[in-house]
Amino acid sequence: MRSFLITITYSPPQLTSPTERIPRLRDLGLFLRCALTSPGRTGAVLPSSRALARSMTSVLSEFSDPNVLELGPGTGPMTHYIQRRLAGAGRHVAVELNPAFAQRLAERYPRVDVVCDTAAALPRILEARGMYHVDAVITSLPFSLIPDDVQTDIMDGITSLINPECGVFTTINYVGAFSTPRARRFRALLRERFDQLVVSRPVLGNMPPAYILTARRAHLAR
Ligand SMILES: C[S@@+](CC[C@H](N)C(=O)[O-])C[C@H]1O[C@@H](n2cnc3c(N)ncnc32)[C@H](O)[C@@H]1O
């Protein structure tokens, strides 16, 4: 009988500051537990890879002092690179539904305003913080699993808050879920609300491989 050995390698973000050098295996354990107990909400089996987080957050190089909104930070691979790119500038609000993820992030990143709530309540969340516009929205929310009405609520909030002059929205779509009806509906929603939608090549250094979707208004199209 033939046997197959499948090896999955996971490379967590590299951490620089001693206070951030935490046991990453704990994150992986927490993420896997949440993926098993609440797969639809967690939306992935593993946290995003360094390669994906680095590419997603590269849009921040366009700004000097931005308001950044992160949706669904999970155990924080994107959070880490957002903080690194901000290097003390701007504001960073991260909205996470899962209290276990939110608590861990809040402890680890004191400069990030971590909110444990649903991304469907953005106007209320940001109004409470006196933040009336956002320059960059960085999210890996599982849009291809999120029900249509919640997708619409989240996008209504984002469109009402994103800076009309320079705002940029970026998210991921796993390659295997690209053609599902919900993923198609979500991209249609993005095309309705933005003038340009760019889909990257698949980021193969992520498990599973993912496309990065970047949406902008027309006069900002690059
Ligand atoms: C696919 S995981 C991505 C986690 C992390 N950003 C990463 O890249 O590894 C999606 C995250 O979105 C969170 N989430 C799901 N629905 C949400 C909602 N309605 N509002 C806020 N966060 C949500 C999940 O708890 C999970 O942490």
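**The ligand and its surroundings**

In this predicted model, 23 residues surround the ligand, and those that come nearest are Pro 47, Ser 48, Gly 72, Gly 74 and Ala 119. Three elements each give two or more residues to this shell: helix H2 (39–42), helix H4 (77–86) and strand S2 (91–96). By residue type, the shell around the ligand consists of 13 nonpolar, eight polar and two charged residues.

**The sheet**

Seven strands form an open sheet with mixed pairing, in the order S3-S2-S1-S4-S5-S7-S6. Strand S3 (113–116) and strand S6 (196–199) stand at the edges; each has a single partner strand, so one side of each is left without a neighbour in the sheet. On average, neighbouring strands of this sheet are turned by 20° against each other, direction ignored.

Strands of a sheet pair through backbone hydrogen bonds, and the pairing is either parallel or antiparallel. Strand S1 (residues 67–71) and S2 run parallel and are joined by five bridges. Within this part of the sheet, Asn 67 stands opposite Arg 91 in S2. Helix H4 packs on the sheet, where it touches S1, S2 and strand S4 (136–139). The direction of H4 makes about 170° with that of S1.

**Arg 84 in helix H4**

Helix H4 also contains Arg 84. Is this residue buried, exposed or partly exposed? Arg 84 has 18 C-beta neighbours inside 10 Å. A buried residue would need 20 or more, and an exposed one would have 12 or fewer; Arg 84 therefore counts as partly exposed.

Arg 84 and Thr 57 are 27 residues apart in sequence. In space, the C-alpha atoms of Arg 84 and Thr 57 are 9.6 Å apart.

Definitions and conventions
Residues are numbered from 1 along each chain as its sequence is written. This is a predicted model: local features need pLDDT of at least 70, side-chain atom pairs count only at pLDDT 80 or more; totals for chains, interfaces and linings use all residues. A residue is near a molecule or strand if its C-beta atom, placed from the backbone, lies within 6 Å of it. Helices (H or I, at least four residues) and strands (E, at least two) are DSSP runs, numbered from the N terminus. Ala, Val, Leu, Ile, Met, Phe, Trp, Tyr, Cys and Pro count as nonpolar, Asp, Glu, Lys and Arg as charged, and the others, Gly among them, as polar. Two strands pair if DSSP finds at least two bridges between them. Axes are lines fitted to C-alpha atoms, for helices over the stretch in contact, and angles run from 0 to 180 degrees between N-to-C directions. Two residues are in contact if their C-beta atoms, placed from the backbone, lie within 7 Å.
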